[in-house]
Amino acid sequence: MKNGITWKIICLCVAINQKAVQIYTKLSQAEEIKELKAFWIQMADEEKIHADFWSRVGPMAQNSIFPCIFDTPSDTQEELSTILDKIEILLNRWEERKSIENALILAYRLEYYMLDPTFELLFKALRPLNGDTVPSDTYDRHIRRFIDMFIRYGHITPELELLGETLQSLWKRNKALVDIAMTDALTGLFNRRGFLIVAQELFSLAERRKENLAVFMIDIDHFKKINDKYGHPRGDTVLKGVAESLKGTVRKSDVMCRYGGEEFVILFSNILSSAVPLMAEKIRKEVEKSRPDGIFVTISLGVTQGLVKKSSGNSLLSWVSKADKCLYKAKANGRNCVVHDC
């Protein structure tokens, strides 16, 4: 991805983040009011946390292959380039007249630009490379502090309080839009698009690190009969119950999704080959015990695992396809069972 457009977009996000650190540092150095100086320092420190995120995931993302993460990548690249130029212009204006009002307006515009959905989409897509936490997890508190400070200094310019509320509303809408694009609304798991984006990172990483990887394809047995017998609302409850059982069984580092209908896919990165059959059987038993809404449910699993070898025919989708073939055999074998590497 080093020379690809997605990598260029990541580099622009990094540059905007670095500019934010620079601006908040300059605002703190120029400010004489103790409370505001401390606030600008805090903002700079929080942007440094974001910078630390980019420094950790950047080198790993550099050699990854993203599926279609942006609908119009060239437009996204152009938009971020424009944002970077606008931030520079605003900084120059503040440096010409270093007033509290101009500082607050500069900060507002900066935060507004950094709420571009591109950041949230990349945070979500690159999450597996960073662990459990990404910058957006703590951004609600960041925005709340920002708004509180605007309210406190609202006497300087009356529209500051309204601008702060607008910022919070925009953050919530953008976050919701990204969730809609990547998350299954019923189960809260990734949808197929979200899974392919996020799992590709782990797939590429496993290839470079020569780590063992496993893919599970899971199907709820006789789900149509459940819908026919109990109705679709209770069928939805079963889907949510199975999803909760899966979430409670796998590791936080594993990536799973509702692949479609009653099918789920889980990608296990850096897993011992000896642990794979144990994990598959544990998942099967936990779902069988779960009885969502009092309904007895079983699942069939198709499992493939091994080292990711670099070849033209080897891809994340080819692994999913192999797991799906094993799933087909599991269903042919009577269901409520696991078939490995058929």
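This report walks through the sheet, two loop residues and the cysteines of a predicted model.

## The sheet

Let's start with the strands. Five of them make up an open sheet, and reading across it gives the order S2-S3-S1-S4-S5, with mixed pairing. The edges belong to strand S2 (255-260) and strand S5 (338-340), each of which pairs on one side only. Going from one strand to the next, the twist averages 20°.

Zoom in on S1 and strand S3 (residues 263-269): these two run antiparallel and are joined by seven bridges. If you want a spot to look at, try Met 217, whose bridge partner in S3 is Val 265. There's also a helix packed on this sheet, namely H10 (residues 232-249), which touches S1, S2 and S3. The direction of H10 makes about 10° with that of S3.

## Two positive phi values around S1

Now for some backbone oddities. Lys 210 isn't a glycine, yet its phi is positive, near 55°. You'll find Lys 210 in the loop that links helix H8 (192-209) to strand S1 (212-220). As for its surroundings, Lys 210 has 66% relative accessibility, so it counts as exposed.

His 222 is another non-glycine residue with a positive phi, this time about 50°. His 222 sits in the loop between S1 and helix H9 (223-230). With a relative accessible area of 40%, His 222 comes out as partly exposed.

## Cysteines without a bridge

How many disulfides does the structure hold? Zero. A quick reminder of the chemistry: a disulfide is a covalent bond between the sulfur atoms of two cysteines. The cut-off used here for such a pair is sulfur atoms within 2.5 Å.

Take Cys 13 and see why it has no partner: the closest cysteine sulfur is in Cys 11, and at 9.3 Å from the sulfur of Cys 13 that is too far for a bond. Is Cys 13 buried or exposed? Its relative accessibility is 0%, so Cys 13 counts as buried. Cys 326 is tucked away too: at 2% relative accessibility, this cysteine also counts as buried.

## Putting it together

Back to S1 for a moment. In the sheet order, S1 sits between S3 and S4, and its seven bridges to S3 are antiparallel. The loop between H8 and S1 holds Lys 210, while the loop between S1 and H9 holds His 222. H10 has S1 among the strands it touches.

Conventions
Residues are numbered from 1 along each chain as its sequence is written. This is a predicted model: local features need pLDDT of at least 70, side-chain atom pairs count only at pLDDT 80 or more; totals for chains, interfaces and linings use all residues. Side-chain values use heavy atoms; hydrogens and water are left out. Helices (H or I, at least four residues) and strands (E, at least two) are DSSP runs, numbered from the N terminus. Buried means under 20% relative accessible area, exposed over 50%, partly exposed in between (1.4 Å probe, protein chains only). Two strands pair if DSSP finds at least two bridges between them. Axes are lines fitted to C-alpha atoms, for helices over the stretch in contact, and angles run from 0 to 180 degrees between N-to-C directions. Contact means heavy atoms within 4.5 Å.
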